[in-house]
Amino acid sequence: MNDRFQYWKRPKIKHGKLTKWNWLVLYPENLILGERVDIGAFSFLNAKAGIIIEDEVQIGNFVSLNSISTIDGKEGKIIIGRGACISSHCVVMPGIKIGAGAIVGANSFVNQNIGEGKRAWGTPCKEQP
């Protein structure tokens with residue numbers, strides 16, 4: 001385990017309020033947050049349709065996880081597998097699964113599933129060979 005998580009504690013999360021680390025969750029009752037998760041400042045999680053973030057996930061700053069989309073009317077649970085990393089300034093759309101150990105590059109628009117251990121980036125996001 002990474003030493004920086006030695007004293008990790010589950011954050012207090014209230015609907016529409018910034019956490020101690022300056023990220024915000026809507027519908028926290030629909031968020032399942034694993035252990036030793038690192039979410040960067042000014043990230044936004046709309047968990048209305050559900051978000052599952054498994055253990056040891058790292059999410060950069062200014063990331064938007066959207067389980068609902070008012071633009072196109074889509075909604076669906078987002079699942080982020082154990083040890084996955086989502087770099088800064090990414091947008092993840094409803095119903096997306098990001099596999100365990102996957103890495104999503106910065107500034108990506110994720111509108112398709114990313115497989116376990118895969119590397120993906122771009123707008124729209126695509127798995128890389």
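Buried denotes a relative accessible area under 20%, exposed denotes over 50%, and partly exposed covers the values in between. These terms are used in the legends below, which describe a predicted model.

**Figure 1. A stacked pair of phenylalanine rings, Phe-42 and Phe-62.** The whole structure contains one aromatic pair. The ring centres of Phe-42 and Phe-62 lie 5.4 Å apart and their planes meet at 25°, so the pair is stacked. The two residues are 20 places apart and link distant parts of the chain. Phe-42 belongs to the loop between strand 3 (38-39) and strand 4 (44-46), whereas Phe-62 belongs to the loop between strand 6 (58-59) and strand 7. Phe-42 has a relative accessibility of 48% and therefore counts as partly exposed. Phe-62, with a relative accessible area of 41%, is also partly exposed.

**Figure 2. The open parallel sheet of five strands.** The strands follow one another in the order 1-4-7-10-13, and their pairing is parallel. Strand 1 (24-26) and strand 13 (109-110) occupy the edges; each has a single partner strand, so one side of each is left without a neighbour in the sheet. Strands of a sheet pair through backbone hydrogen bonds. Within this sheet, strand 7 (residues 64-66) and strand 10 (residues 91-92) are joined in the parallel sense over two bridges. Leu-65 stands opposite Val-92 of strand 10.

**Figure 3. The surroundings of Ile-53 in strand 5.** Strand 5 spans residues 51-53 and includes Ile-53. The relative accessible area of Ile-53 is 1%, and this residue is therefore buried. Leaving aside residues up to four places away in sequence, Ile-53 touches Leu-31, Ile-32, Leu-33, Gly-34, Val-37, Ile-39, Leu-45, Ile-59, Leu-65 and Ile-80. One of these contacts, Leu-65, is the residue that stands opposite Val-92 in the sheet. A separation of 11 Å lies between the C-alpha atoms of Ile-53 and Gly-99, which are 46 residues apart along the chain.

**Figure 4. The largest pocket and its lining.** The volume of the largest pocket is about 210 Å³. Eleven residues line the pocket, and those nearest its centre are Phe-5, Trp-8, Trp-21, Val-37 and Asp-38. By class, the lining comprises eight nonpolar and three charged residues, with no polar residues. Val-37, one of the residues nearest the pocket centre, is also among the residues that Ile-53 touches.

**Figure 5. Two residues other than glycine with positive phi, Arg-36 and Asn-107.** Arg-36 lies in the loop between strand 2 (31-33) and strand 3, and its phi is near 55°. At 19% relative accessibility, Arg-36 counts as buried. Asn-107 is located in the loop between strand 12 (103-104) and strand 13, and the phi of Asn-107 is near 65°. With a relative accessibility of 51%, Asn-107 counts as exposed.

**Figure 6. The cis peptide bond between Thr-123 and Pro-124.** The bond that joins Thr-123 and Pro-124 has an omega of about 0°. Pro-124 is part of the loop between strand 14 (119-121) and strand 15 (126-127).

Key:
Residues are numbered from 1 along each chain as its sequence is written. This is a predicted model: local features need pLDDT of at least 70, side-chain atom pairs count only at pLDDT 80 or more; totals for chains, interfaces and linings use all residues. Side-chain values use heavy atoms; hydrogens and water are left out. On a 1 Å grid over the protein atoms alone, a cavity is a set of points where a 1.4 Å probe fits but cannot get out, and a pocket is an open set with protein on both sides within 12 Å along at least five of seven lines; lining residues have an atom within 4 Å of a point. Grid points are joined across faces, edges and corners, and a volume is the space filled by probe spheres set on the points. Ala, Val, Leu, Ile, Met, Phe, Trp, Tyr, Cys and Pro count as nonpolar, Asp, Glu, Lys and Arg as charged, and the others, Gly among them, as polar. Two strands pair if DSSP finds at least two bridges between them. Helices (H or I, at least four residues) and strands (E, at least two) are DSSP runs, numbered from the N terminus. Buried means under 20% relative accessible area, exposed over 50%, partly exposed in between (1.4 Å probe, protein chains only). Contact means heavy atoms within 4.5 Å. Rings of Phe, Tyr and Trp (its six-membered ring) pair if their centres lie within 6.5 Å; planes under 30 degrees apart count as stacked, over 60 as edge-to-face and the rest as tilted.
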